[in-house]
Amino acid sequence: MRQILFERGGQVVTEGHSSKGNQPKWFVDEKWYKADHMGYEGLAEVLVSRLLLLSNAKDFISYEPVQITYDGKTASGSTSPNFLKQDEILIPFERLHRSFRGRGLAQTIAQMETAEKVRYTVELIEGVTGLQDVGQYLTMILELDSFFLNEDRHTNNLSVIRNEKTGKYRLSPIYDNGLSLLSDLHDYPLEQDIYSMIARVQAKPFDRDFDLQTEAAEILFRPQLKFSFTAREATGELDALTEYYPKEIIDRVECIVLEQIRKYPVFFSNA
């Protein structure tokens with residue numbers, strides 16, 4: 001088990017990062033460390049990134065498990081490398097839209113139909129940044145969110161990266177999947193029925209229904225995601241995290257993943 005101790009204080013404070021409040025986080029030696037705050041966000045981050053290795057996704061952040069001690073508390077969590085290069089800054093879609101249109105993206109698209117929201121966002125990002133394939137990029141993220149039940153993909157959790165010296169943009173790698181797989185134990189307690197909880201998870205940012213927003217994007221930009229892992233491989237990745245999380249959480253996440261494999265065979269390469 002990898003363990004790390006942080007002295008009192010020193011946490012990084014960010015605004016608007018999560019719709020459910022920010023995890024305790026630290027930035028040390030070009031690495032981010034995040035402690036679990038609502039349940040098992042670290043497990044979700046690690047598992048999603050390891051399963052993305054067995055997919056056609058090309059650019060995503062790898063997370064590793066860690067146990068963090070801080071302020072007299074010990075919690076599991078995750079660590080990941082800094083993905084910003086020299087002179088680069090991260091710009092959320094929300095802030096980019098506000099800078100160029102004078103109001104927030106979420107407010108602007110609120111009354112649009114789902115497909116119109118997706119199209120408007122893609123056209124805005126491509127028009128401002130000059131980037132291509134934003135639609136395909138966004139579609140894959142929405143497909144991933146459907147599969148992993150990520151309930152936190154608001155417009156501050158979608159972003160581009162800009163080099164402040166050259167003014168050039170690039171798409172952000174796929175990151176920040178901690179509020180996936182029913183990881184918030186406050187909203188999704190261990191004692192409640194998994195299947196009923198899966199049914200009530202709400203998506204973001206274009207529709208509350210994962211399938212509706214994913215289908216809207218796929219119609220516009222074609223399906224993108226393909227996994228190549230098996231149920232046994234997913235279970236094996238979870239078994240590797242038993243040092244950090246109790247069996248009841250490992251078993252619960254295994255059940256969720258198996259249910260999502262059953263529900264979404266279309267995402268698998270042999271489908």
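Trainee: Which residues are buried in α7?
Mentor: Keep in mind that this is a predicted model. The covered residues of α7 pack against α4 (114–129) and α5. The buried ones in α7 are F210, Q213, T214, A216, A217, E218 and F221.

Trainee: What is the distance between the end C-alpha atoms of α7, and what should the helix span?
Mentor: Take the twelve residues of α7 at 1.5 Å a residue, and the expected span is 16 Å. The model agrees, because the end C-alpha atoms of α7 are apart by that value, 16 Å.

Trainee: Which backbone nitrogen does a side-chain oxygen of D209 reach at the start of α7?
Mentor: Look at the start of α7, where the oxygen of D209 comes to within 2.8 Å of its partner. That partner is the backbone nitrogen of D211.

Trainee: Are α5 and α7 roughly parallel or antiparallel?
Mentor: Two packed helices are described by the angle between their axes and the distance between the axes. Helix α5 (residues 134–148) and helix α7 (residues 210–221) pack at an angle of about 155°, with their axes 9 Å apart. Angles over 145 degrees count as roughly antiparallel. So α5 against α7 is roughly antiparallel.

Trainee: Which hand does the crossing of α5 and α7 have?
Mentor: The residues that meet include T139, L142 and S146 in α5, and T214, A217 and F221 in α7. As α5 passes α7, the crossing is left-handed.

Trainee: How many residues of α5 are buried?
Mentor: One of the covered residues is D145, which lies in helix α5 and counts as buried because its relative accessibility is 1%. D145 also touches N150, R153, N177 and F210, leaving out residues up to four places away in sequence. For α5 as a whole, which is mostly covered, the count is 14 of its 15 residues.

Trainee: Why does Y264 count as buried?
Mentor: Y264 sits in the segment after α9 (247–263). The cut-off for buried is under 20% relative accessible area. Y264 falls under that cut-off, so it counts as buried, at 8% relative accessibility.

Trainee: Which side chain is joined to that of Y264 by a polar contact?
Mentor: Leave aside neighbours within four places in sequence, and Y264 is in contact with S146, F147 and D211. The polar contact of 2.6 Å joins the side chain of Y264 to that of D211.

Trainee: Which residue just after α5 takes a positive phi, and which one follows α7?
Mentor: The phi just after α5 is about 60°, and the residue there is L149. For α7, the phi is near 70°, and the residue that follows is R222.

Terms used:
Residues are numbered from 1 along each chain as its sequence is written. This is a predicted model: local features need pLDDT of at least 70, side-chain atom pairs count only at pLDDT 80 or more; totals for chains, interfaces and linings use all residues. Side-chain values use heavy atoms; hydrogens and water are left out. Helices (H or I, at least four residues) and strands (E, at least two) are DSSP runs, numbered from the N terminus. Buried means under 20% relative accessible area, exposed over 50%, partly exposed in between (1.4 Å probe, protein chains only). Contact means heavy atoms within 4.5 Å. A polar contact is a pair of N or O atoms within 3.5 Å; within protein, one must be able to donate a hydrogen and the other to accept it, and residues adjacent in sequence count only if both atoms are side-chain atoms. The expected span of a helix is 1.5 Å times one less than its number of residues. Axes are lines fitted to C-alpha atoms, for helices over the stretch in contact, and angles run from 0 to 180 degrees between N-to-C directions. Angles under 35 degrees count as roughly parallel, over 145 as roughly antiparallel, 65 to 115 as roughly perpendicular and the rest as oblique. A crossing is left-handed if the near helix is turned anticlockwise from the far one by less than a right angle, and right-handed if clockwise.
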